[in-house]
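Colleague: Could you take me through the helix packing in this one, slowly and with the residues named? I'd like a close look rather than a tour of the whole chain.

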Amino acid sequence: MSGGGSSRMRKPDKQGDLARVIYLDYAATTPTDSRVMSVMQQELADVYGNASSLYSVGRTARSHVETARRQVASLLGASPSDIFFTSGGSESDNAALKGMAFARREKGMPCGIVTSAIEHPAVLRTCEWLEKQGFPVTYLPVDRAGRVSPDDLEAVLSAGFTARRETGIVSIMMANNEVGTIEPVRELAAIAHDHGAVFHTDAVQAVGHLPIDAPALGIDALSLSGHKLYGPKGIGVLYLRRGVVMDPLIHGGQQERGLRAGTENVPAITGLGCAAEIAQKELAGESEQLRQLKRILWDEISAIPGAFRNSPSDDATSLAGTLNFGIEGIRRDTLLIRLDLAGFAVSAGSACSAGSLEPSHVLSAMGIPEDRAQSSLRVTLGRFTTEKDIHAFAEELRRAVAAVKRA
């Protein structure tokens, strides 16, 4: 695929030598594209000014920040003035939900929150914290495919709460990080607006992988993260439609028009801008190639006795590179260890929940039985995945399953 490089990443083993790894966990993080690294290296070497300074080296840094702002805005179909740089998706989620909730409460506006049971922890933990601050939160269920029903949202908003619990904010992710389900954001946003609420979406898994026109979709606030679209870690964006009220999460200077204090990380911002521009140019072809690779992968996995699939089978409602599956009767940790030792990087779900012995909250909300949830793996493909990698993984998975069954 475009972008150069290979899915073969190198890492030191316990003896200090370099071991070969086939990387199949792009939903956790993407390798930084070499074109992005080149831009950032030049930035680190040559552009050292503070973007808030008025002299020439500061103005140069500022111009690079604003170029990146335009690049990200173009990817989202947005105005550059609606783009605010943050440290990543988690900060953007926190800033949007906390900032809008407190601003609305201060103005006497409805500030209850509706979200879903399958959100990323950055949204769920934020909502739990907001509940402790007196903000009512309602959690919508999902169906077996992980989809939020617009009818369920309509029912909740139409039924209404008491005046104290009236909904002001709806937050539903654009695409799920564990199973890849794409949510009906346009419909959900329209329903929210019909009831006077603003609509936020955690689009961390979607930006750069799905075509997005935030204004046309009716999105009022959107979170994204640079390292999920082949940019650097530690940089993200909050898209905030003009007119949406929000208190800043981080106070201090007047950077980002007073909504996010702190000296701008110019190299990371520039890298994110470059990644956004690449994604916009290459999204369509990249997505089609990933869909083809995922079909090949599932064809091979489905031939293994006991294989089952949790991700939607419909390409139109699932991210091109995400496949959540399992093998009946074989625990995920057993397979993960064997696959890792064989040089394959895959996961059991969200990297933010790694190490947890509890079943995935996403799979539980989808109604997946606990025994299947404990057997489920997530493979996510990306820009540097090759068909050779797919066949190698499927073959190693077959060997691992056979070995476990013999034991």
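Modeller: Here is a walk through three helix pairs, followed by a few loop residues. Keep in mind that this is a predicted model.

Let's begin with helix α8, residues 266–301, and its partner α1, residues 34–46. Their axes come within 9 Å and cross at roughly 155 degrees. That angle is over 145, so α1 counts as roughly antiparallel to α8. The crossing of α1 past α8 is right-handed. On the α1 side, the contact is made by Arg35, Val36, Val39, Met40, Glu43 and Leu44. Facing them from α8 are Val266, Pro267, Ala268, Thr270, Gly271, Cys274, Ala275, Ile278 and Glu282. Sorted by class, that contact holds 10 nonpolar, two polar and three charged residues.

Glu282 also gives us a handle on a loop elsewhere in the chain. Arginine 383 sits 101 residues away from glutamate 282 along the chain, with 9.9 Å between their C-alpha atoms. You'll find arginine 383 in the loop between β13 and α12. Its relative accessibility is 2%, so arginine 383 counts as buried.

Now for the second partner of α8, which is helix α2, residues 56–76. The axes of α2 and α8 come within 8 Å and cross at roughly 30 degrees. With the angle under 35 degrees, the two helices are therefore roughly parallel to each other. This time the crossing is left-handed. From α2, the residues in contact are Ala61, His64, Val65, Ala68, Gln71, Val72, Ser74 and Leu75. They meet Val266, Ile269, Thr270, Leu272, Gly273, Cys274, Ala276, Glu277, Ala279 and Gln280 in α8. The class count for α2 with α8 is 11 nonpolar, six polar and one charged. If you compare the lists, Val266, Thr270 and Cys274 of α8 turn up in the contact with α1 and also in the contact with α2.

Next up is helix α9, residues 332–341, where Arg332, Leu335 and Leu339 are buried. Those three cover an arc of only 70 degrees around the axis, which puts them on the same side of α9. The general background is that an α-helix has 3.6 residues a turn, so residues three or four places apart point the same way. Ile337 and Leu341, on the other side of α9, are exposed. As for what covers the buried residues, the list includes β11 (322–327), β12 (344–345), α11 (370–373), β13 (376–380) and α12 (387–406). Just past the end of α9, glycine 343 has a positive phi of about 95 degrees.

Of those covering elements, α12 deserves its own paragraph. The axes of α9 and α12 come within 10 Å and cross at roughly 125 degrees. That makes α9 oblique to α12. The crossing is right-handed. Thr334, Leu335, Arg338 and Leu339 in α9 meet Phe393, Glu396, Leu397, Ala400, Val401, Ala403 and Val404 in α12. By class, this contact has eight nonpolar, one polar and two charged residues. Leu335 and Leu339, listed in that contact, are among the buried residues of α9.

On to backbone angles, since you'll probably be checking those. Most residues other than glycine have a negative phi. Tyrosine 230 has a positive one, near 70 degrees. It belongs to the loop between β8 (221–225) and β9 (236–240). Tyrosine 230 is buried, with a relative accessible area of 2%. Arginine 257 also has a positive phi, near 55 degrees. Arginine 257 lies in the loop between β9 and α8. With a relative accessible area of 44%, arginine 257 is partly exposed.

One last loop residue, alanine 117, sits between β4 (112–116) and α4 (121–132). At 26% relative accessibility, alanine 117 counts as partly exposed. Leaving aside neighbours within four places in sequence, alanine 117 is in contact with Leu124, Leu140, His361 and Ala365. Alanine 268, which we met in the α1 contact, is 151 residues from alanine 117 along the chain, and their C-alpha atoms are separated by 32 Å.

Key: Residues numbered from 1 in each chain as written. Predicted model: local features only at pLDDT ≥ 70, side-chain atom pairs only at ≥ 80, totals over all residues. Heavy atoms only, no water. Buried < 20%, exposed > 50% of the residue type's maximum accessible area, 1.4 Å probe, protein only. Helix = DSSP H or I, 4+ residues; strand = E, 2+ residues; numbered from the N terminus. Arc of directions from axis to C-beta. Contact = heavy atoms within 4.5 Å. Axes fitted to C-alpha atoms, helices over the stretch in contact; angles between N-to-C directions. Parallel < 35°, antiparallel > 145°, perpendicular 65-115°, else oblique. Left-handed = near helix turned anticlockwise from the far one by under 90°. Nonpolar A, V, L, I, M, F, W, Y, C, P; charged D, E, K, R; others polar.
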